[in-house]
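Q: I am new to this structure. Please take a close look at one part of it, the aromatic rings and the helix that goes with them, and explain it step by step.

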Amino acid sequence: MTNWNKQIKDYFAFSKIEQRGVVVLMAILIFLIVLNIFLPMILLRPNVDFSQFQKEIEAFENRVKEIQDSVKNSYETNKIKPKGTSHLHPFEFDPNQLPVEVWKNLGLNDKQIETIKNYEKSGGKFRKKEDLAKIYTISDEEYEVLEPFVRIKQVYAEEVIGPQAGFQELTPFSFDPNEMTKEMGKKLGLKENTIHAIINYRNSGGVFFRNEDLKKIYTITDQEYELLEPYILIVQDSSTIKFQLAESNKTYIDINTADTLDFQQLSGIGPSFARRIVKYREMLGGYYSTSQLMEVYGMDSTRFSGIADHLIVGDTLLNKININNATIKEMIRHPYIEFYLAKSIITYRSEIGSFTELNQVKNAKLIYEELYQKIEPYLTLEDTK
């Protein structure tokens, strides 16, 4: 037992060096504790008031925001027009066949108008807005001002030129289009839709009397006709018989009363095209001339000439606009009357009190003779209801 006590005592005993080390370590520990307590008090700095500086920052930020808002409002309310365009007075217009007087009302000079008219005389058409920029006398700045007001109502098909446009190579031989079968059409190299168009044309009573009659088939291009024309051989006796048959069974369509099924009896008029004709009739309030079908989207002269002999305009009354009480909103529902034209009519009406004669409308701004003749059938001075 004495030996065990001695071992414990020896284990916990410190030499003099160890005792001094413990004392030094304790002194350092106590110093650090005291330093940790009193150091913040020694290094404590006085509070600095930043409130004034913060107010200055906020005032500066508010001023910057006011300047930004002012600049933005100034830009929105006073948009800067390109230099050199102050002479322009734009309103909605279709550049195709626009009269000289209307171009002048837009602000164009004589040189610019002359260039446009020369472009039209050479067969040029404005198929899209960008085509107006091709007129070299109209500057980029002027086009930038006019462009938002361009409204091209007639949709023109792009001319088909050469192989890159899908031109199909033909293998012509002598043929009579009045007798041509589907197999013959394929041997000629005609497209599937062209063969169907020829057969449908004959089934609806159409007859090819002359070589040029093949042009009535709207799917045949000018290039294809030029290749086929020397090989067209129409048998006269057959034509005479078919002429008599066609005249006795000729189909006539009243474009103001016909429904979509009636229109589909015509060569080249399918369901979608028939719906377009009826829809446009509803927008106009009725047709007063068969030539108005040329305004239907997708109609071209070739297709129209193929059906023109079968069209008539009946005695159906047109839906008319009473220009003595119609509002702008009511007027612009008609395809022929755009916003600025309606506004011009109403402005002139307010000046004279009311219209007593239809031709007084010609005194309103933006009205020219050609336009008046176009819209006159749809105008009235009396309430039609």
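**Aromatic rings and helix H15**

A: Phe-149, Phe-339 and Tyr-340 form a cluster, linked by ring pairs. The model is a predicted one. Two members of that cluster, Phe-339 and Tyr-340, belong to helix H15, which covers residues 339–352.

The helix can be checked by its length. H15 has 14 residues, and at 1.5 Å a residue these should span 20 Å; the C-alpha atoms at its ends are 20 Å apart, so the expected span and the model agree. At the start of H15, Glu-338 places a side-chain oxygen within 2.8 Å of the backbone nitrogen of Tyr-340. Just after the helix comes Gly-353, with a positive phi of about 95°.

Several residues of H15 are buried, namely Leu-341, Ala-342, Ser-344, Ile-345, Ile-346, Tyr-348 and Arg-349. The buried residues of this helix pack against two others, helix H14 (328–331) and helix H16 (369–375).

Now the rings. The structure holds seven aromatic pairs. One of them joins Phe-93 and Trp-103: the ring centres are 5.6 Å apart and the planes meet at 70°, an angle over 60°, so this pair is edge-to-face. Phe-93 sits in the loop between helix H3 (51–77) and helix H4 (100–106), while Trp-103 is in H4 itself, and the pair links distant parts of the chain, 10 residues apart. Both partners fall under the 20% cut-off for burial: Phe-93 has 4% relative accessibility and therefore counts as buried, and Trp-103, at 0%, is buried too.

Another pair returns to the surroundings of H15. The rings of Tyr-336 and Tyr-378 have centres 5.9 Å apart and planes at 75°, so they also form an edge-to-face pair. Tyr-336 lies in the loop between H14 and H15, and Tyr-378 in the loop between H16 and strand S4 (379–380), so the pair ties together parts 42 residues apart in sequence. Tyr-336 counts as buried because its relative accessibility is 5%. Tyr-378 is buried as well, with a relative accessible area of 1%.

Tyr-336 has a further partner: Lys-374 lies over the face of its ring, at 4.4 Å from the ring centre. Lys-374 falls within the range given for H16, one of the helices that the buried residues of H15 pack against. A similar arrangement involves Arg-276, which lies over the face of Phe-273 at 4.8 Å from the ring centre.

Key. Residues numbered from 1 in each chain as written. Predicted model: local features only at pLDDT ≥ 70, side-chain atom pairs only at ≥ 80, totals over all residues. Heavy atoms only, no water. Helix = DSSP H or I, 4+ residues; strand = E, 2+ residues; numbered from the N terminus. Expected span 1.5 Å × (residues − 1). Buried < 20%, exposed > 50% of the residue type's maximum accessible area, 1.4 Å probe, protein only. Contact = heavy atoms within 4.5 Å. Polar contact = N/O pair within 3.5 Å; in protein donor to acceptor, adjacent residues only side chain to side chain. Phe/Tyr/Trp six-rings, centres within 6.5 Å; stacked < 30°, edge-to-face > 60°. Lys NZ or Arg CZ within 6 Å of the ring centre and 35° of its normal.
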